[in-house]
Amino acid sequence: MARTNTEVYRPFRGTLGARTLGFLALARAGIAAATKRKLPLVILFGPPAIATVIFSFVVYARFALEAGVTPSPLGGPSPASMIAVGFAKQMIQVREEIFMFHLAMSLFTLLVIAWFGAGLIADDRRLGAHLLYFARPLSRSGYLAAKFLTVLFFGGIAVVAPGLVICIVATFASPDFAFLRDEGSLIPRTILFGTLWAGVWGSVMLAISSLFLRKTLALVASFAFFMITTAISVVLANLQQDDRFLMLSLQMNMQRIAGWMLDGPSMRMHWDVRWSFAVVLGITAAAWAILFARVRRLEASA
Amino acid sequence: MAEASSSTAEAVVVIRGLEKSYGSVRALRSLSLELAPGPTGLLGPNGAGKTTLIKLLLGLLRPDAGHATIAGCDPTTASGRLALRRSVGYMPENECSIPGLTGLEIVSTLGQLTGLTRADSLSRAHEVLDYVGIDEARYRLADEWSAGMKQRLKLAQALVHDPGLLLLDEPTSGLDPKGRRHMLDLIHDLGHVQHKSLLLCSHLLPDIERTCRDVVVLKEGAVALAGGIAELTRTDGIRVRVEVGGDRARFEQALAASGYACTPEVNGRIAIRLDGRASDADELFALAADSGASLRSIEEVRSSLEQVFVAGVANEERT
Amino acid sequence: MTLLVARDLARWYGPVVGLVDVALELEPGVIGLLGPNGAGKSTFLKLVAGEIRPSRGTIEVLGRDPFANRAHFAETGFVPQQDALYNDMTGRDFVAFLLRLSGHSAKQARDRAGQALERVGLADAMNRPTRGYSRGMRQRTKIAQAIAHAPKLLVADEPLAGLDPIARRGIVELMLELARGGTSILVSSHVLHEVEELTDNVLLLHRGRVLAQGEVPEIRALLSRHPRKVEIRARDARALARAVLDLPGVGSLRISADGTSLGVETHDLEGFLSALPRTAAAVRAGIRSLETPDAGLEAVFEYLVS
C-alpha cells in the first residue's frame with residue numbers, strides 16, 4: 001500500500017568517482033544473484049566435490065603406500081595393507097589422475113558453465129536490465145568484462161579448484177614434499193588449463209546467452225551445440241577412419257590441449273596440438289565478435 | 001546540490017542545432033533547447049523524437065551535427081558521454097529489473113556502477129528506498145514485487161547517485177490511483193522542494209500540470225513550443241468561469257443589465273470578462289445575492305495545457 | 001432494458017477471492033469501473049465479457065447469460081489490456097479476420113474493418129503490417145476491432161493507454177459519440193481524470209466487493225463522514241473568514257500563511273453556497289476564485305479506498 005511520504009530527501013554528500021574497475025560491482029552482483037538459490041549449487045557442485053574427495057584419497061593412499069608398509073605386530077604384512085598394495089598397483093600417476101579427473105567430470109563442468117552462464121545476458125535482455133545498466137557510466141566492454149568474470153568464477157571453481165585440491169593433497173602426502181620437486185610444474189599448468197577451459201567455454205556460453213531471451217532456450221542451444229558438434233565429429237571420424245575429424249568438436253580440441261598441457265595420454269588424438277589451439281582461438285574469437293555485436297544492439301535499445 | 005534554484009541559475013541542458021538521423025529517418029532536426037533548472041514536461045506526438053532526445057541526454061548516442069552541453073559534459077566525445085551519466089538519472093518507461101537480486105542489492109549495485117564506493121552505495125540505497133516508501137520488501141527479490149513497488153524501485157535507482165537531472169519516462173504508467181498520487185507527490189517534491197531538474201515525459205497532461213513549471217513540445221524532431229506553463233496557458237484579460245446554482249436565469253439577466261460580457265460554455269458554466277470593471281468577483285456575488293442565485297465555483301479562465309499542445313503541434317505543420 | 005444485472009455474484013480462484021457478494025443493476029450508458037490493483041476489476045470484466053463463469057450467483061448482460069454465448073459476443077466488443085495483434089497482418093486484415101471469426105462474410109468484414117479503422121484515425125496505416133505500428137496505433141487497432149461490428153456494449157480495459165494527447169482526445173470523442181448513439185460503454189481505468197471526462201457514473205470495486213456505485217456527486221453526498229471542503233482565494237482571507245464563520249454547517253476554517261487563501265469545511269454545502277453571495281458582497285474581501293476540491297472522482301476514490 002502506498003504511504004504518505006514523510007521522509008525528507010537527503011542529498012548525497014560523498015564523492016562520485018570515475019572508477020575504472022567499477023564494472024567489478026556488476027561481476028559481484030552476478031555471482032550474488034547466482035548463489036542465492038542453493039539447490040542448483042548442491043546439485044551441480046556436489047558430484048565434482050565428491051569426485052575430488054575420492055581422487056584426493058586415491059592420491060593420498062598412493063603416497064602413503066610408497067612411504068612404506070606399516071609393520072604389523074605379528075611381523076608380516078597385515079591383510080589391510082595387502083589389499084591396499086593391490087589397490088595401489090592399479091593406481092596411476094598424479095598427473096594422469098588430474099587428466100582423468102577432468103575427463104570424468106567434463107560433463108559436470110560443462111553443466112556448471114552452462115547453468116551459470118546461460119542466463120547471464122539472456123535474463124538481462126528479458127527483464128530489461130540493460131535499460132538500467134547503460135544509463136550508468138558503464139561501457140560495453142565493462143559490461144562484457146563483468147559478465148565474463150562471473151562465468152569465469154564459476155567455471156574456475158568447477159575446473160581449477162578440484163585440480164588444485166588434488167595437487168595440494170599430493171604435495172602434503174608425498175614424503176618431504178617430493179611432489180613439489182618432481183611434478184611441481186603441474187600446479188601452474190593445472191591453473192592455466194583450468195582458466196583456459198573456463199575462459200573458452202565461458203565465452204561460448206555468453207555468446208549463446210546473448211542470442212536468446214530465455215535462459216532455458218540458451219541452455220538447450222548450448223547443449224545442442226555441444227552434442228551436435230561432438231556427434232558429427234565422432235561419426236565422421238569413424239566413417240572416414242580419420243581422427244582429425246575430431247577437431248570439429250570444441251570438446252575434443254580441449255581434450256587434446258589438456259593432454260598436451262598436463263602430459264596425459266593422447267587417446268585417439270594424434271594431430272599437432274597447434275591445430276587445436278587455432279580452432280579454439282577461432283571459436284573464442286567468433287564468440288566475442290558475436291558478443292560485441294549483440295551488446296552493441298543491447299546498448300542501442302536501452 | 002545544496003544550492004536553491006534561482007532564475008539566474010545555469011541551464012542544465014543547452015542544445016543548439018542538433019541533428020541525428022537513423023539511415024534515412026531524420027529523428028532530430030536542428031533541435032535547439034535550453035532546459036532551465038526545475039521541473040519541465042516533455043510532450044509530443046508519438047515519433048516526434050522524444051526517445052531519441054532521451055538517449056542523447058543519457059549519452060547513448062552521438063549527435064551527427066550540432067552542439068550540446070548536458071550537465072556540463074560534451075556528448076560528442078565517448079568520455080563525455082560516459083561522464084554525463086554520472087549526473088543524469090533515468091527512470092525508464094518499460095519494465096526493467098535486474099534478475100536474481102533483492103531491491104536493495106539492485107539499487108546498491110547500480111550506485112556502485114555509477115561511481116559510489118561500496119559503503120556509500122549501500123547507505124545511499126537505504127536512503128532512497130526510504131524516500132520512495134519501500135520498507136522490508138527491500139530485502140526480498142525484486143522479481144516478486146508488485147507493479148507499484150517496481151515502479152518506485154525505478155525511481156529509487158534513478159536517485160541513488162543524487163543526479164542533478166532526472167529523466168522520468170511515463171512514471172505513472174500502470175499505477176493504480178493511489179500509486180499515481182504517491183508518485184506524483186514524490187515527483188512534485190523532487191522538482192519543487194528538492195530543486196532537482198526534471199524532464200518528465202508523459203502523455204498525461206494533468207500529471208504534467210501538477211508537477212512541472214515549464215513544458216517543451218516536440219514535433220517531428222524539433223521543438224514546436226517551449227515555455228512556462230503558467231505563461232503559455234495565460235489568456236488575454238481577466239476572465240472567470242463560474243458555475244451558477246439557484247436562479248440562473250435571473251442571474252444572467254442581472255449580468256447583462258450590468259454590462260458584463262458573458263459567454264456560455266459547454267458544461268453549463270458561464271465565462272465572464274472582468275477587466276475594466278473589477279479585478280475580483282465580489283460584484284458578481286452581489287449580483288448573485290440579488291438574483292437568488294449562488295456561485296458554486298469560480299475559476300480564472302486559462303487555456304488548458306491540452307489546447308496549448310494541440311495548437312503547438314498544429315503550428316509546426318503550417319510553417 | 002437494463003444493461004447488466006448481477007445477483008449474489010461471486011468468483012474465486014482456489015482460495016483467492018476475485019469477486020464476492022456483488023449485487024447490482026446497471027442501466028445503459030457509460031460506466032467507469034475503478035478500483036485499486038487486485039480489487040476484482042479484471043475478474044468483473046471477464047465475467048461481463050463471457051470469458052469465465054461465476055463461482056456462485058448469476059450475471060446477465062443485455063438480458064442474457066454471457067458465458068460462451070455467441071449472441072452475446074455479437075453484441076459486445078472487448079478492448080483488452082494486452083497486446084495480441086498478429087504482426088504479419090495488416091491492420092485491416094487483422095480486424096477483418098476477427099470479424100470473419102464471428103460470422104461476417106468476407107466483404108462485410110473488410111468493409112466494416114475499413115470503416116472502424118478510419119474512425120479511430122488509422123485510415124492511412126491500415127494497409128501496413130501491424131509490426132510497424134507504434135504503441136498508440138496498436139492501441140487504436142484494438143479499439144477498432146471492438147467497435148467494428150457496432151456492438152451494443154463496449155467493454156474497454158485501459159483503452160487510452162499509450163496514446164499521445166491528440167490521439168487520446170480523438171478516442172475520448174469517439175467514445176462519447178458512440179455513447180450518444182446508444183452504445184453502452186464499461187470502461188476500466190486507473191487514470192481518474194480520463195474517466196471523469198467520459199462519465200459521472202462509476203462502479204468502484206475494492207477487495208472483491210462493490211464499494212460504491214452511482215453518480216459521483218451523489219456518492220459524494222453520501223460520504224457525510226467527510227465534510228465538504230470549499231477553497232476560496234481572496235485578497236483578505238481573514239476578513240472573509242470572520243464573515244463566513246456563522247454560515248450554515250461551517251465546522252472549521254483554515255487561513256493560509258500569506259492570508260490570501262481560505263479553506264472552509266462545512267456539513268451543509270448547499271446552505272453554505274446559498275448564503276455566501278450576500279456575505280461576500282457585504283464584506284468585499286476581493287474573492288478571486290472558489291472551488292470545491294473534494295467533490296471530484298479523485299477525492300471520492302481517496303475517501304472510499306483509504
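Hi everyone. Let me open with two helices in chain C: α3(C) and α4(C) are oblique to each other, because angles between 115 and 145 degrees fall outside the parallel, perpendicular and antiparallel classes. Before I go on, please keep in mind that this is a predicted model.

Here is the geometry behind that word. Helix α3 of chain C covers residues 91-101 and helix α4 of chain C covers residues 106-119; they pack at an angle of about 130°, and their axes are 8 Å apart. The crossing of α3(C) and α4(C) is right-handed. If you want to highlight the contact on screen, pick G91(C), R92(C), V95(C), A96(C), L99(C) and R100(C) on the α3(C) side. On the α4(C) side, the residues to pick include A106(C), A109(C), R110(C) and L117(C). By class, the residues of this contact are 8 nonpolar, 2 polar and 4 charged.

Staying in chain C, let's look at a sheet. Which order do the strands of this open sheet of 3 follow? The order is β2-β1-β4 (chain C), and the pairing is antiparallel. The edge strands are β2 (16-26) and β4 (56-61) of chain C, each of which pairs on one side only. On average, neighbouring strands of this sheet are turned by 25° against each other, direction ignored. Strand β1 of chain C, residues 4-13, pairs with β4(C) over 5 bridges in the antiparallel sense. One place to find that pairing is L4(C), which stands opposite V61(C) in β4(C).

Now a point for those of you who like backbone torsions. Most residues other than glycine have a negative phi. Two residues of chain C deserve a look with that in mind. D21(C) is not a glycine, yet its phi is positive, near 65°. D21(C) sits in strand β2 of chain C, which is one of the edge strands I just mentioned. Is D21(C) buried or exposed? Neither, quite: D21(C) counts as partly exposed, since it has 13 C-beta neighbours inside 10 Å. The other residue is R284(C), also not a glycine, with a positive phi of about 50°. R284(C) belongs to the loop between α10 (269-283) and β13 (287-291) of chain C. With 18 other C-beta atoms within 10 Å, R284(C) is partly exposed.

Let's move over to chain B and a strand with plenty around it. Strand β6 of chain B, residues 165-169, is largely enclosed by the rest of the structure, because 5 of its 5 residues are buried. Side chains in a regular strand alternate between the two faces of the sheet. In β6(B), both faces are covered: L165(B), L167(B) and D169(B) are buried on one side, and L166(B) and L168(B) are buried on the other. As for partners, strand β5 of chain B, residues 88-91, runs parallel to β6(B) and is joined to it by 4 bridges. There, V88(B) has L165(B) as its bridge partner. Strand β7 of chain B, residues 197-201, also runs parallel to β6(B), with 5 bridges joining them. In that pairing, L168(B) stands opposite L200(B).

Next, how chain B meets the other chains. How many residues of chain B are in contact with chain A? There are 43, and they touch 38 residues of chain A. Helices that each supply at least two residues to this side of chain B include α3 (103-114), α4 (118-132) and α6 (177-193). This side of chain B divides into 17 nonpolar, 14 polar and 12 charged residues.

Towards chain C, 35 residues of chain B are in contact with 34 residues of chain C. β13(B) gives the most to this side of chain B, with 7 residues. The division here is 18 nonpolar, 8 polar and 9 charged.

Last stop, one residue of chain A. F12(A) lies in the segment before α1 (24-34) of chain A. Setting aside its neighbours within four places in sequence, F12(A) is in contact with R124(B), H161(B) and D162(B). F12(A) is partly exposed, as 19 other C-beta atoms lie within 10 Å and being buried takes 20 or more. Finally, F12(A) and W260(A) are 248 residues apart in sequence and 56 Å apart in space, C-alpha to C-alpha.

Thanks for listening!

Methods:
Residues numbered from 1 in each chain as written. Chains lettered and ligands numbered in written order. Predicted model: local features only at pLDDT ≥ 70, side-chain atom pairs only at ≥ 80, totals over all residues. Axes fitted to C-alpha atoms, helices over the stretch in contact; angles between N-to-C directions. Parallel < 35°, antiparallel > 145°, perpendicular 65-115°, else oblique. Left-handed = near helix turned anticlockwise from the far one by under 90°. Contact = placed C-beta atoms within 7 Å. Nonpolar A, V, L, I, M, F, W, Y, C, P; charged D, E, K, R; others polar. Buried ≥ 20, exposed ≤ 12 C-beta atoms within 10 Å, placed from the backbone. Pairing = 2+ DSSP bridges.
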